[in-house]
Amino acid sequence: MAYFSPSALRGKLRVGVTEHISLTEVCSVIALFTHHHPEVDVQLVVEQSHLLRQHFSEGGLDIILHQDFTGMASGEDKVLWTEKLYWCAPPSWRYASGNRLKLITWGTDCFYRRMAEEKLNQADITFMVMLECPSVAGMLAAINAGLGVGIMNEFSIAKPVSDLCELEQRMPLPSVDCLLRVNEHRYNPASEAFCLILSRLMQRSAKAGDINSSQS
């Protein structure tokens with residue numbers, strides 16, 4: 001009855017999201033959901049993907065929007081879309097062979113960082129971690145200021161930041177999947193209603209982003 005009468009939904013919904021997925025879009029989804037279902041209390045938690053998966057497995061979150069490399073999704077995940085990763089720096093930056101590369105990265109356990117270090121080691125490029133930053137805004141600010149090079153996903157890249165073709169040719173990066181995981185072991189009609197709105201709006205936004213990037 002609750003499922004077919006969504007306006008009567010009540011309870012709590014704990015949603016986790018990584019900053020690699022647009023918070024603007026997620027907040028728009030939550031605003032629309034709470035408008036239609038005002039009796040559902042929604043709690044939003046923003047963390048890195050590996051921490052979201054940990055909290056989810058411990059029962060602390062009902063829904064998570066997280067990322068992993070393409071092909072690494074578990075049976076619990078639904079792929080919302082796939083996007084590219086890029087080596088990013090200010091437009092004027094050029095790599096000087098033999099120089100130590102300064103790396104702007106996320107936290108120690110972030111899978112972006114582990115991949116960056118593996119790629120640099122395999123390419124025999126010496127590097128130092130110039131900055132550890134847990135936020136997209138902080139990463140972009142550091143990269144734009146010229147502090148170093150960072151790996152960013154396509155959805156997060158701002159126009160002033162350019163992708164580095166020379167590093168991409170030498171150290172190609174894999175794609176990542178944006179994933180939806182829902183706790184299916186605990187019945188929660190609010191989760192079903194939320195995911196219907198989320199899937200429709202987020203997938204539409206991703207497609208619009210693909211169209212805009214192809215036209216630019």
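In this predicted model, the side chains of strand β5 alternate in direction: Leu85, Trp87 and Ala89 point one way, while Tyr86 and Cys88 point the other way. Residues on both sides of the strand are buried. Strand β5 spans residues 85–89, and five of its five residues are buried, so the strand counts as mostly covered. The cut-off behind that word is a relative accessible area under 20%.

Next come the neighbours of β5. Four bridges join β5 to β8, and these two strands run antiparallel. One place to look for this pairing is Trp87, which stands opposite Ile151 in β8. Strand β9, made of residues 162–163, is also joined to β5, here by two bridges, and this pair is antiparallel as well. Ala89 has Ser162 as its bridge partner in β9.

Another pair of strands can be followed from β6. Five bridges connect β6 with strand β7, residues 127–132, and the two run parallel. Within this pairing, Leu101 of β6 is found opposite Phe127 of β7. To get from β6 to β7 the chain passes through α3, and this β-α-β crossover is right-handed.

The next topic is empty space inside the protein. Rolling a probe the size of a water molecule over the atoms shows where such space is left. How many cavities of 30 Å³ or more does a search of the whole structure find? The search finds one, and the volume of the largest cavity is about 30 Å³. Three elements each give two or more residues to its lining: β6 (101–105), α3 (111–122) and β8 (149–153). The lining includes Leu103, Ile104 and Thr105, together with Tyr112, Arg113 and Ala116. Gly150 and Ile151 also line the cavity, as do Trp106 and Met139. Ile151 has thus appeared twice: as the residue opposite Trp87 and as part of this lining. By type, the lining residues divide into seven nonpolar, two polar and one charged.

Last, consider the cysteines. A disulfide is a covalent bond between the sulfur atoms of two cysteines. With sulfur atoms required to lie within 2.5 Å of each other, the count in this model is zero disulfides. Is Cys178 buried or exposed? Cys178 counts as buried because its relative accessibility is 0%. Cys195 has a relative accessibility of 11%, and therefore counts as buried too. Cys88, in strand β5, is likewise buried.

Note on methods
Residues numbered from 1 in each chain as written. Predicted model: local features only at pLDDT ≥ 70, side-chain atom pairs only at ≥ 80, totals over all residues. Heavy atoms only, no water. 1 Å grid on protein atoms, 1.4 Å probe; cavity = no way out; pocket = protein on both sides within 12 Å on 5 of 7 lines; lining within 4 Å. Points joined across faces, edges and corners; volume = space filled by probe spheres on them. Nonpolar A, V, L, I, M, F, W, Y, C, P; charged D, E, K, R; others polar. Pairing = 2+ DSSP bridges. Right-handed = clockwise from strand over helix to strand, strands pointing away. Buried < 20%, exposed > 50% of the residue type's maximum accessible area, 1.4 Å probe, protein only.
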